[in-house]
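Subject: A structure to look through

Hello,

I am passing on a structure that you may like to open beside this message. Please look at it first, and then read on for what was found in it.

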Amino acid sequence: MIKKLKNLIIDKYTIRMRTYISDLKELDDGAQVTIKGWVQETRKIKNLMFIILRDNTGTIQVTAKKDKMNNYDQLYDITRESVISIYGTLNKKSISKAGMEILGIEIEILSIAETPLPLGVIDRVSADLDTRLNNRFLDLRKPENLLIFQFESQLLFGIREFMNRENFIEVHTPKIVAAATEGGADLFKVEYFEKNAYLNQSPQLYKEILISSGFDKVFEVGPAFRAEKENTVRHLNEFTSIDMEAAFIDDKKAMEYLEEAISYAVNRTVDLMQSRLEKNGYNVKKLETPFPRITYEKAMEYLNKKGLKLNFGDDFSPEANKILAEKFLGFYFITGWPADMRPFYTHPDTNPSITKSFDLQLNDIEVTSGAQRIHNYKMLEDNFIKKGLNKNNFEFYEKAFKYGMPPHAGWGLGLDRLVMNLLGLNNVRESTLFPRDRTRLSP
RNA sequence: GCCCCGAUAGUGUAGCGGCCUAUCAUACAGGCCUGUCGAGCCUGUGACACGGGUUCAAAUCCCGUUCGGGGCGCCA
């Protein structure tokens with residue numbers, strides 16, 4: 001059957017003005033339209049057939065009648081997920097459930113899908129995430145999955161709009177670097193002609209150099225790479241990071257930029273997409289600022305009251321984060337982390353055992369880490385020694401502190417984690433188009 | 001790096017020593033059907049990850065391999 005269809009080719013492609021499915025409701029009954037998209041399903045009754053056609057704005061029923069069309073027989077054999085173009089009449093008095101349909105006049109078959117599909121787009125049986133990711137091109141045809149990335153796009157647009165309004169400059173720093181950013185051994189090694197190089201784990205050092213350059217406020221949206229052998233639902237080896245750094249501000253101001261950026265972007269996106277989000281089972285609530293704040297020490301006391309046995313300097317386990325999430329719900333800051341737990345560039349507080357640092361949590365997941373940074377050259381050198389780092393590896397960075405470096409602060413926000421948590425997804429792989437994890441390198 | 005768990009048609013599953021010539025759903029193929037909308041009805045195709053072992057007998061038990069899932073550590 002497929003062979004039979006393949007013989008009718010497809011080199012004839014009539015360009016007509018295309019209407020998106022979601023725009024059909026604006027048109028009058030009886031309008032002549034052309035819609036293009038994927039055949040989501042067919043229901044066939046010999047001389048009458050119904051096609052549910054899908055584009056990235058929605059679905060519409062197309063009714064095809066044998067006696068009203070010249071290529072009905074070809075169409076009758078169409079497979080699910082084939083791509084077609086339909087010229088027909090809009091019927092807004094349809095008895096179909098949507099109350100609207102297209103009565104087909106001429107239909108062009110543009111691409112025929114093989115059968116059976118490796119993954120059903122609307123099948124009633126669910127598929128494992130692994131199967132879905134192996135067939136991601138099909139998985140992303142599901143409207144609820146497409147919507148994740150439309151949501152992410154709008155969210156990021158909102159953040160960019162906010163940052164631009166605040167006079168931040170969007171920058172792009174190298175992802176191939178000579179040395180470890182933060183001294184860890186968790187980088188991917190790459191060949192760089194006759195030298196060794198690494199994929200950058202964070203734009204941190206470059207953001208700070210630009211502060212010394214007088215850019216004043218910078219942000220970057222880009223990939224970050226971590227060669228950690230994680231195996232969890234919230235870790236990836238390549239993820240998208242939104243990084244910000246600003247001169248002459250402290251950790252408190254950095255937190256304000258963060259909560260304002262997120263709440264502006266979320267609220268704007270909810271305004272735009274609320275009904276579609278709800279229809280697809282996503283419940284995103286509008287945000288109010290400021291977000292709650294709790295110090296590391298107060299959080300530790302609270303957790304110990306709840307039966308944990310934490311000492312100063314212990315990180316919060318997933319169990320601890322779940323307990324905190326029950327108390328706070330949504331976004332909240334944990335501030336004042338112990339110096340031993342933070343990278344070398346983190347500015348100490350007046351009590352030097354704690355730092356002017358913060359994490360932003362969304363429920364039980366950390367989405368942002370930030371701090372005021374050290375700007376004093378001597379203090380930075382001391383910290384290299386304290387953290388056991390070889391300062392020779394950081395010469396390109398350290399140099400920027402010798403010739404005029406303002407006080408500054410910033411943060412890094414995990415976009416995939418943010419989207420995952422806002423939409424209530426179970427796995428960060430679902431909010432990543434083509435995730436790279438411990439074992440997955442393809443697609 | 002450590003610890004658990006899993007692998008049966010395209011997809012998702014039942015079966016857990018002999019009732020297996022392997023269940024069910026969905027998908028797929030063929031047929032009937034001019035208003036379906038989870039379309040319906042009839043017919044059909046299609047699977048025990050790989051290698052070794054135990055046993056009269058292995059989808060089922062054991063060992064190894066490969067692939068996958070989850071938790072921890074760590075982090076965004």
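A polar side-chain atom of Y76 lies 3.0 Å from a base nitrogen of RNA strand B, and this is a good place to begin, as long as you keep in mind that the whole model is predicted. A second contact to a base is made by K65, where an N or O atom of the side chain is 2.6 Å from a base oxygen of RNA strand B. With E366 the contact is made by the backbone instead, since a polar backbone atom of E366 is 2.6 Å from a sugar or linking oxygen of RNA strand B. The elements that each give two or more residues to the surface near the RNA are β1 (32–45), β2 (48–55), β3 (58–65), α3 (129–134) and β15 (365–373).

Which residues come nearest to RNA strand B? Of the 52 residues around the strand, these are K97, R124, K229, E230 and R417. By kind, the residues of this surface divide into 20 charged, 16 polar and 16 nonpolar. On the RNA side, 54% of the atoms of RNA strand B that lie within 4 Å of the protein belong to sugar or phosphate, while the rest belong to bases.

One of the elements listed above, β15, deserves a slower look. Seven of the nine residues of β15 are buried, so that the strand is mostly covered. On one hand, β15 runs antiparallel to strand β14 (residues 357–362), to which six bridges join it, and in this pairing S357 has A371 as its bridge partner. The two strands β14 and β15 form a hairpin with two residues between them, and N363 in the turn has a positive phi of about 55°. On the other hand, β15 also pairs in the antiparallel sense with strand β16 (residues 408–414), again over six bridges, and here S369 stands opposite G412.

Elsewhere, you can follow a sheet of three strands, which is open, antiparallel in its pairing and ordered β7-β9-β8. Its edge strands, each of which pairs on one side only, are β7 (176–177) and β8 (189–192). Between β7 and strand β9 (residues 195–199) there are two bridges in the antiparallel sense, and I176 stands opposite L199 in β9. As you trace such strands, it may help to remember that in a regular strand the side chains alternate between the two faces of the sheet.

With best wishes

How values were computed: Residues are numbered from 1 along each chain as its sequence is written. Chains are lettered from A and ligands numbered from 1 in the order in which they are written. This is a predicted model: local features need pLDDT of at least 70, side-chain atom pairs count only at pLDDT 80 or more; totals for chains, interfaces and linings use all residues. Side-chain values use heavy atoms; hydrogens and water are left out. A residue is near a molecule or strand if one of its heavy atoms lies within 4 Å of it. A polar contact is a pair of N or O atoms within 3.5 Å; within protein, one must be able to donate a hydrogen and the other to accept it, and residues adjacent in sequence count only if both atoms are side-chain atoms. Helices (H or I, at least four residues) and strands (E, at least two) are DSSP runs, numbered from the N terminus. Ala, Val, Leu, Ile, Met, Phe, Trp, Tyr, Cys and Pro count as nonpolar, Asp, Glu, Lys and Arg as charged, and the others, Gly among them, as polar. Two strands pair if DSSP finds at least two bridges between them. Buried means under 20% relative accessible area, exposed over 50%, partly exposed in between (1.4 Å probe, protein chains only).
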